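Reader: I would like to learn how to read a protein structure, one feature at a time. Could you walk me through this one?

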Amino acid sequence: MLGKDIRHFKIQAPYVPTRCSRGSLLLLRGLYRAVLLLSICGVLLPAAPSKAADRPKDEVELRLDAGFKVELPADLRLRLTQNIRFDDRIRRFYQLAPELELGYQPFTWMYWGVGYRYSYDLDSLSDFQHRHRAYSRLVFPWSLPAIRLIFRTQWQADLRAARDEAPREVHMLRLRVMLKGTAVPVVDPYLSIESFQRLDTSDAAAPLGGVRKVRLLAGVEWPIGGISLNVGYFIEVPVLD
């Protein structure tokens, strides 16, 4: 019985892509190691002297993601992703955020995932602080000729703590529409627009119920084997301050 269960357990190994030349494999390993190196440097190196409060709210920022997934029995998926963010004209590292997600995909047109994200963020005083996030998301992909249309709705609860303040809990609803190209060789370019709506918070002075900001995102994703590498630029436009 144990052997039968093992035969149905499939792992997409990060370093064993099935459709990849030797040169692409070496490049993939180099990129993956570079992302890991950026993660280590982001923790060990001090931040730039400029403060987060000085940057415009609609500044373009850079995101780098690297992750892999494991396919489990019963249409389950396990994903581990490392997120890195840069601001200040893409010169300053300001966020390191590993994320673990368990997903269920009973149909090709629906995916449900629950996960946890820990983030190490630079605050307005140029100090790093710890944040925690629990989330649940529903994803509805729709395949069209040469593109994929992807709708995503996500509820999340963030636990944040500022300097010398008690942690506060913030609940958000995020709605995203993404267009992803599928006809381009090797990489998948994408564009998306996403709204952030505050649902509940312990901060009585914060506005509730309205859309706080809109995020515009453009980038490319390189899916290969069990690994997905992602490079994108985004801008967040505030709606409610």
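Reader: What is the mean pLDDT of the protein chain, and what percentage of its residues reach 70 or more?

Author: Good place to begin, since this is a predicted model. The mean pLDDT of the protein chain is 79, and 68% of its residues reach 70 or more. Two stretches call for care. Residues 1-20 stay under 50 in pLDDT, and the model has 23 contacts for them beyond four places in sequence. Residues 41-54 are also below 50, with 21 contacts in the model beyond near neighbours in sequence.

Reader: Now the overall layout. How many helices and strands are there in the protein chain?

Author: The protein chain has 2 helices and 11 strands. Following the sequence, you meet them in the pattern α-β-α-β-β-β-β-β-β-β-β-β-β. To see how the chain folds back on itself, look at contacts between residues that are distant in sequence. Among contacts with a separation of 6 or more, 50% come from residues 24 or more positions apart.

Reader: What percentage of the residues count as buried?

Author: Of the 241 residues in the protein chain, 37% count as buried. Looking from the outside instead, the accessible surface comes to about 13,900 Å², and carbon and sulfur atoms hold 63% of that area.

Reader: Which residues make up the largest nonpolar core?

Author: The general idea first: in soluble globular proteins, nonpolar side chains tend to be buried together. Here, the largest nonpolar core has 9 residues: Y94, Y111, L122, V139, I150, M178, Y190, L217 and F234. Take Y111 as an example of how many neighbours one residue can have. Leaving out residues up to four places away in sequence, Y111 touches R77, R79, E101, L102, G103, Y104, Q105, R137, L138 and V139. There is also a second, separate core of 6 residues, with L64, I84, F86 and L96 among them.

Reader: Charged residues next. How many salt bridges does a search of the whole structure find?

Author: The search finds 13 salt bridges. One of them joins D65 and R85, whose closest N and O atoms are 3.0 Å apart. D65 belongs to strand β2 and R85 to strand β3, so this pair ties together parts that are 20 residues apart in sequence.

Reader: Are D65 and R85 buried or exposed?

Author: D65 has a relative accessible area of 7%, so it is buried. R85 is at 8% relative accessibility and therefore counts as buried. The cut-off behind this reasoning is that buried means under 20%.

Reader: Which strands hold E101 and R137?

Author: E101 and R137 form a salt bridge, with their closest N and O atoms 2.9 Å apart. E101 lies in strand β4 (residues 92-107) and R137 in strand β6 (residues 128-144), so the pair ties together parts 36 residues apart in sequence. E101 and R137 are both buried.

Another example is K180 with E221, where the N to O distance is 2.6 Å. K180 sits in strand β8 and E221 in strand β10 (residues 211-224), so this salt bridge ties together parts 41 residues apart in sequence. K180 is buried, as is E221. Salt bridges can also share partners: R63, D65 and R85 are joined into one network that way.

Reader: How do I read a single residue, such as D121? What does D121 touch?

Author: Start with its place: D121 is in strand β5 (residues 110-122). Next, its surroundings: D121 has a relative accessible area of 6%, so it is buried. Not counting residues up to four places away in sequence, D121 touches Y94, Q95, D127, F128, Q129 and R131. With one of these, Q95, the side chain of D121 makes a polar contact through the side chain of Q95, at 3.3 Å.

Reader: One last feature, the backbone angle phi. Where is A74 found?

Author: The general idea is that most residues other than glycine have a negative phi. A74 is not a glycine, yet has a positive phi of about 60 degrees. A74 is found in the loop between β2 (60-72) and β3 (76-87), and at 58% relative accessibility A74 counts as exposed. V186 also has a positive phi, near 75 degrees. The place of V186 is the loop between β8 (168-181) and β9 (188-201), and V186 counts as exposed at 58% relative accessibility.

How values were computed. Residues are numbered from 1 along each chain as its sequence is written. This is a predicted model: local features need pLDDT of at least 70, side-chain atom pairs count only at pLDDT 80 or more; totals for chains, interfaces and linings use all residues. Side-chain values use heavy atoms; hydrogens and water are left out. Helices (H or I, at least four residues) and strands (E, at least two) are DSSP runs, numbered from the N terminus. Buried means under 20% relative accessible area, exposed over 50%, partly exposed in between (1.4 Å probe, protein chains only). A polar contact is a pair of N or O atoms within 3.5 Å; within protein, one must be able to donate a hydrogen and the other to accept it, and residues adjacent in sequence count only if both atoms are side-chain atoms. Contact means heavy atoms within 4.5 Å. pLDDT is the predictor's confidence in each residue, from 0 to 100. A nonpolar core is a set of buried Ala, Val, Leu, Ile, Met, Phe, Trp, Tyr and Cys residues joined through side-chain atoms within 4.5 Å. Accessible areas come from the Shrake-Rupley method with a 1.4 Å probe; for residues, only the protein chains shown count as cover. A salt bridge is a side-chain nitrogen of Lys or Arg within 4 Å of a carboxyl oxygen of Asp or Glu.
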